[in-house]
Amino acid sequence: AGYVTETVGSTNGFLSMNGNAAQAVSGGGTFGNFEVDAGANTVTVAGGTGDFTGTFNLTSGTTAGGAAILLNNATNPPTIVVNAGVFAVAPTFTSMVNVYYIGIDKTVGNELPAAADKLNNLTVATTNGGITSGRGRVLVNVATTVNGILDVYPNQALLLSGVDLTMKGGVINLNGDIANVAATDQLILDAATGTTITGAGV
C-alpha cells in the first residue's frame with residue numbers, strides 16, 4: 001500500500017496515484033491537478049484532507065472517501081474528467097464543478113452532482129463506443145441541471161434515460177446528438193435569458 005500526505009498545499013502541479021496496490025491520501029493542504037489511475041485498486045481520501053481545486057482525473061480504479069473528497073474552487077470550478085475510474089460514493093461539491101467525459105461508452109455516476117446548483121459545464125467527449133468505433137455515448141439516468149455550457153462532441157451522444165436534463169446555462173454546443181429513451185425524457189431549456197444552440201448535431 002502507498003500513501004500521500006499533503007500538508008502545505010500545491011495548486012499548480014500534478015499528482016497521480018497510479019500504484020499497483022491500495023493507496024491513501026490525507027493532509028490539510030490543497031490539491032491542484034490530481035489523478036487516480038489505480039487499475040483494479042482503490043485510492044482512499046481520508047477525512048480532513050484539503051480541497052481539490054483543479055482537474056480531478058478518474059482515469060481508472062475506485063476513489064473512495066465520499067464526503068471527505070472536497071471539490072472546491074469558486075473562482076475556477078474544478079473539472080472532473082471521467083475515463084474508466086469511479087467515485088465509490090459522491091464527493092462533497094462545495095463549489096460548482098465541470099464534468100468532462102472521455103473514453104468508452106459510460107453511464108453517469110457519483111461524479112455528477114445531484115443538486116441543481118452544482119454542475120457548471122457538462123462535456124461529452126467520449127471517443128470509442130461499444131457498438132461502433134469512434135462513436136460513443138454517455139447515458140444519463142439521474143435528473144441533471146447544467147448551469148454553464150453543454151457540449152456534445154461530433155459522433156458522440158448524450159442519452160437521457162428515465163429523467164429530464166434541465167439547461168439553465170446560455171450555450172449548447174451540439175455537434176453530436178442529444179437523444180432520449182422515452183418520449184417523457186426531455187431536455188428542458190430553462191435559462192432566464194434563453195439558450196443559444198449551435199453546431200451540426202440534433
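Me: Where is the place of Asn155?
Reply: Quick caveat: this is a predicted model, where local features need pLDDT of at least 70, side-chain atom pairs count only at pLDDT 80 or more, and totals for chains, interfaces and linings use all residues. Residues are numbered from 1 along each chain as its sequence is written, and side-chain values use heavy atoms, leaving out hydrogens and water. Strands here are DSSP runs of E, at least two residues, and helices are runs of H or I, at least four, both numbered from the N terminus. Asn155 sits in the loop between β14 (149-152) and β15 (156-160).

Me: What is the phi of Asn155?
Reply: Asn155 is not a glycine, yet its phi is positive. The value is about 70°.

Me: What is the relative accessible area of Asn155?
Reply: Partly exposed lies between buried (under 20% relative accessible area) and exposed (over 50%), using a 1.4 Å probe and protein chains only. Asn155 counts as partly exposed because its value is 38%.

Me: How many strands does the protein have?
Reply: Don't look for helices, as the protein has 0. What it does have is strands, and the count is 20.

Me: What radius of gyration does the protein have?
Reply: The rule for a compact globule is 2.2 Å times the number of residues to the power 0.38, and the radius is taken over C-alpha atoms. With 202 residues, that puts a compact globule near 17 Å. The protein agrees, at 17 Å.
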